[in-house]
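Grab a pencil and work through the exercises below with the model open beside you. Try each task before you read its solution.

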Amino acid sequence: MQLEPQIKTQLQAIVEAARERRAEDVVALDLTDVSSSLEYFVICTATAGLQLNAVQENIREKAQEAGLPRPSVEGPSERWLLLAFGGSIVVHIMTKDAREYYDLEGLWSDAKVLDF
């Protein structure tokens, strides 16, 4: 399945925003074929506290520039922050420990990994 140009631009903006703030292991997953309610996940690793916050702020800014609505925020905790942009894109910013513990890539191993 081909990504819609607008979604591709938005996902790319989020991935680049995470990388600009030195988030590690940035992964974008296409869940459209494996979930009836979720579309896209972006998962990345940040150290706790300041970097988690810096990554989150940069993602919010770049996502809005790319035309996404203000995200709703789950958390935040010292280990994990979730940004939900409407119903289509969910961003998980996690510490290394939280990412290993929750293993979202393993949970959604049937999802297509998108390359940016």
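**Before you start.** This is a predicted model, so to speak of local features pLDDT of at least 70 is needed, side-chain atom pairs count only at pLDDT 80 or more, and totals for chains, interfaces and linings use all residues. Residues are numbered from 1 along each chain as its sequence is written, and side-chain values use heavy atoms, with hydrogens and water left out.

**Exercise 1. Work out how exposed Lys62 is, and find its salt-bridge partners.**

Step 1: Look at the accessibility. Lys62 has 22% relative accessibility, which makes it partly exposed. (Buried means under 20% relative accessible area, exposed over 50%, and partly exposed in between, with a 1.4 Å probe and protein chains only.)

Step 2: Look for a partner. The side chain of Lys62 forms a salt bridge with that of Glu20, at 3.8 Å from N to O. (A salt bridge is a side-chain nitrogen of Lys or Arg within 4 Å of a carboxyl oxygen of Asp or Glu.)

Step 3: Place both ends. Glu20 sits in helix α1 (residues 5-20) and Lys62 in helix α2 (residues 50-65), so this pair ties together parts 42 residues apart in sequence. (Helices are DSSP runs of H or I with at least four residues, strands are E runs of at least two, and both are numbered from the N terminus.)

Step 4: Check Glu20 too. With 41% relative accessibility, Glu20 is partly exposed.

Step 5: Look for another partner. Glu61 also meets Lys62 in a salt bridge, at 3.9 Å from N to O, and Glu61 is partly exposed at 43%.

**Exercise 2. Find the N to O distance between Glu105 and Arg99, and decide whether each is buried or partly exposed.**

Step 1: The closest N and O atoms of this salt bridge are 2.4 Å apart.

Step 2: Arg99 is buried, at 9% relative accessible area, while Glu105 is partly exposed, at 25%.

Step 3: Now think about shared partners. Glu20, Glu61 and Lys62 are joined into one network by salt bridges. The whole structure holds four salt bridges.

**Exercise 3. Say what the phi of Arg22 and of Asp103 is, and where each residue is found.**

Step 1: Recall the usual case. Most residues other than glycine have a negative phi.

Step 2: Take Arg22. Its phi is positive, about 65°, although Arg22 is not a glycine. You'll find Arg22 in the loop between α1 and β1 (24-30), and it's exposed at 65% relative accessibility.

Step 3: Take Asp103. Here phi is also positive, about 45°, and Asp103 is not a glycine either. Asp103 is in the loop between α3 (96-102) and α4 (104-107), and it's partly exposed at 38%.

**Exercise 4. Describe the fold and say how compact the chain is.**

Step 1: Count the elements. The protein chain has four helices and six strands.

Step 2: Read them in order. The pattern along the sequence is α-β-β-α-β-β-β-α-α-β.

Step 3: Compare with the globule rule. The radius of gyration is 13 Å, close to the 13 Å that the rule gives for 116 residues, so the chain is as compact as a globular protein of that length. (The radius is taken over C-alpha atoms, and the rule is 2.2 Å times the number of residues to the power 0.38.)

Step 4: Add the box and the burial. The C-alpha atoms fill roughly 35 × 30 × 25 Å along the principal axes, and buried residues make up 47% of the 116.
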